[in-house]
Each structure stands twice: as C-alpha cells, then as structure tokens.
Amino acid sequence: MKAASLHTDRFSFELSALELRMILAGLREADQELEDWEFQARTGFERNSMRALHEAIFKKEKWRQVYSYNLEFSAEEVRMILAGLREADRTLEGWELQTRTTFERSSLRAFHDDILAALNRAG
C-alpha cells in the first residue's frame, strides 16, 4: 500500500485487491456487529455514513479484475476505515473474524498499522 497527501484533507491510496477487500470487510463487520446505541460512540461516525462509504468502495471494486486500485479518500473517510478495522478486530472472536472476513486477526491489525504509518509518511 502506498499513500500520498493530495490536499490538507485528501489522501490517495494505492491498494491491492486484498487490501481493498480487507477495508470492505472491516466496514461491513463494524456495521453488523455494533448495536445502534453504541455505533457512533465507538466509531465516532453515523452508521449511514459508514454504510455509504462501504457502498461507494464496493461499487468501485465489484466486477473488476484488477490487482491494484488507486482511490482517493477524505481524511474523515480514512478515519472511518480505521474505525471499521478497529471495531471488527475488537468485536469478533478469533475464529469468527477469520470465518466471516477470511482474514487473520494479525493481518487485520498489521493493515490498520500500515494505514497509520502510510498517513504519517504522506504528511
């Protein structure tokens, strides 16, 4: 994954297909696992905003046979992605995380940390 700062609040990411599926899984699982009353408190975002981001990313990924994606996200969207990954990690048991997302917990955590590191390098 590569990240670059475009403006003060926009970032460009070069993501592999696997990394993009990990983002989608994190957003989906956060949406499914958190109760309405705890969603905004835990993620800092409204459920509809996260669902809209998931849908927008899914539309870009669906039916494409490519190995990398160049996508732009606002700073708020990046924070939403990080919150989704964090909450999927927090709420799902180990076996459940791998069964539902197809990713191991260590991979999800490493990807979360990679995003943070890429943001720090990007500015």
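In this predicted model, three strands make up an open sheet, lined up in the order β1-β2-β3 and paired antiparallel. The edges are taken by β1 (2-5) and β3 (68-74), each of which pairs on one side only. On average, neighbouring strands of the sheet are turned by 20° against each other, leaving direction out of account. As for what holds such an arrangement together, strands of a sheet pair through backbone hydrogen bonds, and they can do this in parallel or antiparallel fashion.

Looking at one pairing in detail, β1 is joined to β2 (residues 10-16) by four bridges, and the two run antiparallel. Within this pairing, Lys2 sits opposite Glu14 of β2.

Two helices come up against the sheet. Helix α1 (residues 17-33) packs on it and touches β2 and β3, with a direction at about 115° to that of β2. Helix α6 (residues 105-122) packs on the sheet as well, but here the strands touched are β1 and β2, and the angle with the direction of β2 comes to about 135°. Strand β2 is thus touched by α1 and by α6.

Away from the strands, Glu87 is worth a look. This residue belongs to helix α4, which spans residues 75-91. Is Glu87 buried or exposed? Its relative accessibility is just 3%, so Glu87 counts as buried, the cut-off for that being under 20%. And which residues does Glu87 touch, once neighbours within four places in sequence are set aside? Its contacts are then Ala30, Leu34, Arg42 and Thr43. One of these, Ala30, falls in helix α1 (residues 17-33), the helix that packs on the sheet.

Notes: Residues numbered from 1 in each chain as written. Predicted model: local features only at pLDDT ≥ 70, side-chain atom pairs only at ≥ 80, totals over all residues. Heavy atoms only, no water. Buried < 20%, exposed > 50% of the residue type's maximum accessible area, 1.4 Å probe, protein only. Contact = heavy atoms within 4.5 Å. Pairing = 2+ DSSP bridges. Axes fitted to C-alpha atoms, helices over the stretch in contact; angles between N-to-C directions.
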